[in-house]
Amino acid sequence: MRCTPGRLRILALLADSARHLSPAETCAELARSGEAVHATTVYRTLETLVEVGLVHAVRGSGAAVRYGATGEPHHHTACRECGSVGALDGRHLAESMGAIEELTGLRPDPSGALLIYGRCAECAA
Ligand SMILES: [Zn+2]
Ligand SMILES: [Zn+2]
């Protein structure tokens, strides 16, 4: 993969974001920082980054897929109302993961094993 500035910029944006972003949100964030990038380009770039494993896609609630940088192992939260997807640090869940393995015999993946649905802080307010 060629490291074009657009790809690095989008990867950095996802890595810095507290939430995982939809293609539209990624576009909006780029526009906000003065780098207007065509939506198609953003979408293609996200897909390319997924293919090479630097980014992963999460389908939470609703139609829009959200994208996050694949760095530290983490799980996901998904808001049923606004569809936002957040990262959930796996280190807080070691006990739960142990319990899941004990109960089911399945050893959960260290990253992406859980998708927890609910209402995000913004929607619950
Ligand atoms: Zn993620
Ligand atoms: Zn929400």
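**Note on helix 3 and its surroundings**

1. Helix 3 covers residues 39–51, and at 1.5 Å a residue its 13 residues should span 18 Å; the C-alpha atoms at its ends lie 18 Å apart, so the expected and modelled values agree. The model is a predicted one.

2. Which residues of helix 3 are buried? They are Val-42, Thr-45, Leu-46 and Leu-49. Viewed down the axis of helix 3, the buried residues fall within an arc of 100 degrees, and therefore they line one face of the helix. The spacing fits a general rule: an α-helix has 3.6 residues a turn, so residues three or four places apart point the same way.

3. On the other side of helix 3, Thr-40 and Glu-51 are exposed. Just after the helix comes Gly-53, with a positive phi of about 85 degrees.

4. The cover over the buried residues of helix 3 includes two helices, helix 1 (5–16) and helix 2 (23–32). It also includes strand 2 (55–59) and strand 3 (65–69).

5. How do helix 1 and helix 3 pack, and at what angle? Their axes are 10 Å apart and make an angle of about 75 degrees. Because angles of 65 to 115 degrees count as roughly perpendicular, helix 1 and helix 3 are described as roughly perpendicular to each other.

6. Helix 1 brings Gly-6, Arg-7, Ile-10 and Leu-11 to this contact. From helix 3 come Thr-41, Val-42, Thr-45, Leu-46 and Leu-49. Sorted by class, the contact of helix 1 with helix 3 has five nonpolar, three polar and one charged residues.

Definitions and conventions: Residues numbered from 1 in each chain as written. Chains lettered and ligands numbered in written order. Predicted model: local features only at pLDDT ≥ 70, side-chain atom pairs only at ≥ 80, totals over all residues. Helix = DSSP H or I, 4+ residues; strand = E, 2+ residues; numbered from the N terminus. Expected span 1.5 Å × (residues − 1). Buried ≥ 20, exposed ≤ 12 C-beta atoms within 10 Å, placed from the backbone. Arc of directions from axis to C-beta. Contact = placed C-beta atoms within 7 Å. Axes fitted to C-alpha atoms, helices over the stretch in contact; angles between N-to-C directions. Parallel < 35°, antiparallel > 145°, perpendicular 65-115°, else oblique. Nonpolar A, V, L, I, M, F, W, Y, C, P; charged D, E, K, R; others polar.
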